[in-house]
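Thanks for asking me to look this one over. Here are my notes, set out point by point so that you can follow along in your viewer.

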Amino acid sequence: SWSSLTVKPFINCSLVKLPFLLTCSLTLSSTVPTRSQFKFLGWSTDKNATVGTYNPGSVYTLNKSITLYAIWCIDENYYYIANFDNPTFVLDVTSGRDVDGQNVQLYSQNTSGVVAQKWKFKYDTTGYYNIYSGVGNVTRCLDVDNGNFVNGTNVQIWTCSNPASTEAQRFHLKEYSDGGFGFYGKNNMFLDIHGASFANKTNIQIYNGNDSNAQKWKLISFP
């Protein structure tokens with residue numbers, strides 16, 4: 001797993017137009033970096049980029065040394081979305097019902113696998129994710145009720161829409177230094193466990209980002 005790559009092209013330079021123009025190039029390694037649960041999107045000079053500028057094997061031609069950053073997105077496998085410090089509790093669609101507006105709650109992980117706890121991430125190159133529920137044959141997404149991004153708004157499932165047009169279903173990924181993840185939408189509002197209560201049927205809401213354990217998650221591969 002690589003996070004960055006320092007490129008120094010000066011070792012492979014040639015004079016194109018004497019005496020002024022010096023061009024330098026370097027072919028990047030063709031090795032594709034790997035990272036558990038993530039897909040490599042390419043290298044970029046901007047560590048916050050949402051897509052890569054250079055692919056493995058690309059030729060770098062600028063006449064200066066730079067650092068290229070690995071750009072990643074969550075892969076499209078199925079996962080439990082578990083609390084980071086209390087991973088036996090996961091996001092769960094109440095009663096596993098396949099209807100618009102069905103509530104999302106916290107519940108003990110069913111390790112044998114139930115669709116109510118099955119989630120899949122689909123990345124949009126603008127940097128957002130739709131988070132698909134296993135309920136309804138992956139046609140319903142995690143959704144902020146009425147797209148109302150204020151403290152305490154309920155989180156539910158709803159028929160999936162284009163992430164470019166439906167803010168209620170668009171989530172960014174925040175990565176913490178300890179390996180935890182946060183998922184947030186408009187106005188920096190994060191998926192949040194109501195009252196930080198780690199018990200079955202605790203409601204999932206959105207709330208201002210505060211880096212608390214109620215807003216930190218991890219992905220666990222689905223059986």
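1. Which strands each supply at least two residues of the lining of the largest pocket? Keep in mind that this is a predicted model. The strands in question are S7 and S15. The pocket itself has a volume of about 660 Å³. Its lining is made up of 21 residues, and those closest to the centre are Lys47, Asn48, Ala49, Trp72 and Glu175.

2. Let me step back to the whole chain for a moment. The secondary structure comes to 19 strands and zero helices. Of the 223 residues in the protein chain, 41% are buried. Among the contacts with a separation of 6 or more, 60% are between residues 24 or more positions apart. The chain exposes about 11000 Å², with carbon and sulfur atoms supplying 47% of that area.

3. How many disulfides does the model contain? The count comes to one, and the link joins Cys141 to Cys160 with an S to S distance of 2.1 Å. A cut-off of 2.5 Å between the sulfur atoms applies here, so the pair qualifies as a disulfide. The link is right-handed, with 105 degrees about the S-S bond.

4. It helps to see what that disulfide ties together. Cys141 lies in strand S13 (residues 140-144), while Cys160 sits in the loop between strand S14 (155-159) and strand S15 (172-175), so the link connects parts that are 19 residues apart in sequence. As noted above, S15 is also one of the strands that supply at least two residues of the pocket lining.

5. Is Cys141 buried or exposed? Cys141 is buried, at 0% relative accessibility. Its strand follows suit: five of the five residues of S13 are buried, so S13 is largely enclosed by the rest of the structure. S13 pairs with S14 in the antiparallel sense, over five bridges. Within that pairing, Cys141 stands opposite Trp158 in S14.

6. Now to strand S5 (residues 38-44), where five of the seven residues are buried, so S5 too is largely enclosed by the rest of the structure. S5 and strand S7 (residues 66-74) run antiparallel and are joined by six bridges. One residue pair to pick out is Lys39 with its bridge partner in S7, Cys73. Cys73 counts as buried, with a relative accessible area of 5%. S7 also appears in point 1, as a strand that supplies at least two residues of the pocket lining.

7. Where does Leu28 sit? Its place is in the loop between strand S4 (26-27) and S5. Although it belongs to a loop, Leu28 counts as buried, at 5% relative accessibility. Leu28 and Val59 are 31 residues apart along the chain, and their C-alpha atoms are separated by 6.1 Å.

8. A last loop residue to look at is Thr126, found between strand S11 (119-123) and strand S12 (129-133). Which residues does Thr126 touch, leaving out those up to four places away in sequence? They are Thr50 and His172. From C-alpha to C-alpha, Thr126 and Ala49 are 9.0 Å apart in space, with their positions 77 residues apart in sequence. Ala49 is among the residues closest to the centre of the largest pocket, which brings us back to where these notes began.

How values were computed: Residues are numbered from 1 along each chain as its sequence is written. This is a predicted model: local features need pLDDT of at least 70, side-chain atom pairs count only at pLDDT 80 or more; totals for chains, interfaces and linings use all residues. Side-chain values use heavy atoms; hydrogens and water are left out. Helices (H or I, at least four residues) and strands (E, at least two) are DSSP runs, numbered from the N terminus. Buried means under 20% relative accessible area, exposed over 50%, partly exposed in between (1.4 Å probe, protein chains only). Two strands pair if DSSP finds at least two bridges between them. Contact means heavy atoms within 4.5 Å. Accessible areas come from the Shrake-Rupley method with a 1.4 Å probe; for residues, only the protein chains shown count as cover. On a 1 Å grid over the protein atoms alone, a cavity is a set of points where a 1.4 Å probe fits but cannot get out, and a pocket is an open set with protein on both sides within 12 Å along at least five of seven lines; lining residues have an atom within 4 Å of a point. Grid points are joined across faces, edges and corners, and a volume is the space filled by probe spheres set on the points.
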